[in-house]
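This report concerns the fold and packing of one protein chain. Please inspect the sequence and the model shown here before reading on.

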Amino acid sequence: MQFGLTALAVAFVAAPVLRRRARSREESELAVQRVIHRAFRASVRLWQAIGLIRVDAAGAAAELRRHGPCVVVANHPTLIDVVLMGSLLEQMDCIVNAGWTAHSPFLARAIEVAGYLPNDSGRAMVDDCTERLARGRSLLVFPEGTRSPWPRHPGAGDEPVGKYHRGAAYIALASGMPIVAVTIQCRPRFLGSARKWHDVPEGPSCFTLRVARRIDPKDYSNSGEGLPLQARRLTHDLRQIYLQEPDLADA
């Protein structure tokens, strides 16, 4: 409900005012993204104040700011990961599931005014992201495209992340901008895939966000291989970061 109210306020209260003041579409989008950042930060502080969650992300926030324009990639264990990531980054373009807009006109409007990108436009989406990165903007991608699977038997072969799509790799290769891999741990986990929203632990869940690694796309684009093979290898190596990350399997 809180997420819906935030989308409603951004789409129909803040955005019309900011658009009127802005001198360009980009200036308007960036202003809306700053409002969303403040709303997400306030949500995280509220959830911590009422004892729902604890968050350890100070190191990740400082490191992300040092990287400058980049493709930020994260695993997706819970429903509130985008709020946590958005609370760290004042400017954050985001690739969103196009199916969301079919279910909520408020959310669809908020996504549009923030300049977020639906994931259903293929090559045009890659070109749009590349142009934004060249203008100094950063981009958030959850390469699984949905929440990470909930391992039934951690440590017994169940993997903590699902299949990775290659969009982040194609964007990094086209733009030449680095990928910065962020890990999100949640313990005890809640709001995960195939779980009810009211299925919450008795005590607060602890979220730990950490920058795990930086990938330079030049390590792949200079290989002499074709673009599809470069993207496949980069995506494989990116997923391995999360498979090898300790403590993600039971997070």
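Among contacts (heavy atoms within 4.5 Å) between residues at least 6 apart in sequence, 75% join residues at least 24 apart. The structure is a predicted model, in which local features need pLDDT of at least 70 and side-chain atom pairs count only at pLDDT 80 or more, while totals for chains, interfaces and linings use all residues. Residues are numbered from 1 along each chain as its sequence is written, and side-chain values use heavy atoms, with hydrogens and water left out.

**Overall form**

The protein has 9 helices and 7 strands; these are DSSP runs numbered from the N terminus, with helices (H or I) of at least four residues and strands (E) of at least two. The radius of gyration, taken over C-alpha atoms, is 18 Å, which agrees with the value near 18 Å for a compact globule of 251 residues; the globule rule is 2.2 Å times the number of residues to the power 0.38. Along the principal axes, the C-alpha atoms fill a box of roughly 50 × 45 × 35 Å. The protein exposes about 12,600 Å², of which carbon and sulfur atoms supply 53%; accessible areas come from the Shrake-Rupley method with a 1.4 Å probe, and for residues only the protein chains shown count as cover. Of the 251 residues, 45% count as buried. Buried means under 20% relative accessible area, exposed over 50%, and partly exposed in between.

Three residues illustrate these classes.

| Residue | Element | Relative accessibility and class |
|---|---|---|
| F12 | helix α1 | 45%, partly exposed |
| R34 | helix α2 | 31%, partly exposed |
| T183 | strand β6 | 1%, buried |

**Interior**

In soluble globular proteins, nonpolar side chains tend to be buried together. A nonpolar core is here a set of buried Ala, Val, Leu, Ile, Met, Phe, Trp, Tyr and Cys residues joined through side-chain atoms within 4.5 Å. The largest has 47 residues, of which L64, M85, F207 and L209 touch the most other members. A second, separate core of 27 residues includes A172, A181, A231 and I241.

Leaving aside residues up to four places away in sequence, L209 touches D56, A57, A60, L84, M85, L88, T183 and I184. With the neighbours within four places likewise set aside, T183 is in contact with L209 and also with N75, T208, R210, A212, Y242, E245 and L248.

Helix α4 (residues 81-88) is largely enclosed by the rest of the structure, because 8 of its 8 residues are buried. Among them are L84, M85 and L88. In helix α7 (residues 167-175), the buried residues are A168, A169, I171, A172 and L173.

**Backbone features**

Most residues other than glycine have a negative phi, and most peptide bonds are trans. Just after α7, G176 takes a positive phi of about 80 degrees. A cis peptide bond with omega of about -10 degrees joins R187 and P188, and P188 lies in the loop between β6 and β7.

**Surface**

L5, L8, F12, V13 and F106 make a nonpolar surface patch of about 460 Å². Helix α1 (residues 2-21) gives the most to this patch, with 4 residues. Patches are made of residues with over 30% relative accessible area and no salt bridge, where nonpolar side chains (Val, Leu, Ile, Met, Phe, Trp, Tyr) are joined within 5 Å and like charges within 9 Å; a salt bridge is a side-chain nitrogen of Lys or Arg within 4 Å of a carboxyl oxygen of Asp or Glu.

Key:
Buried < 20%, exposed > 50% of the residue type's maximum accessible area, 1.4 Å probe, protein only.
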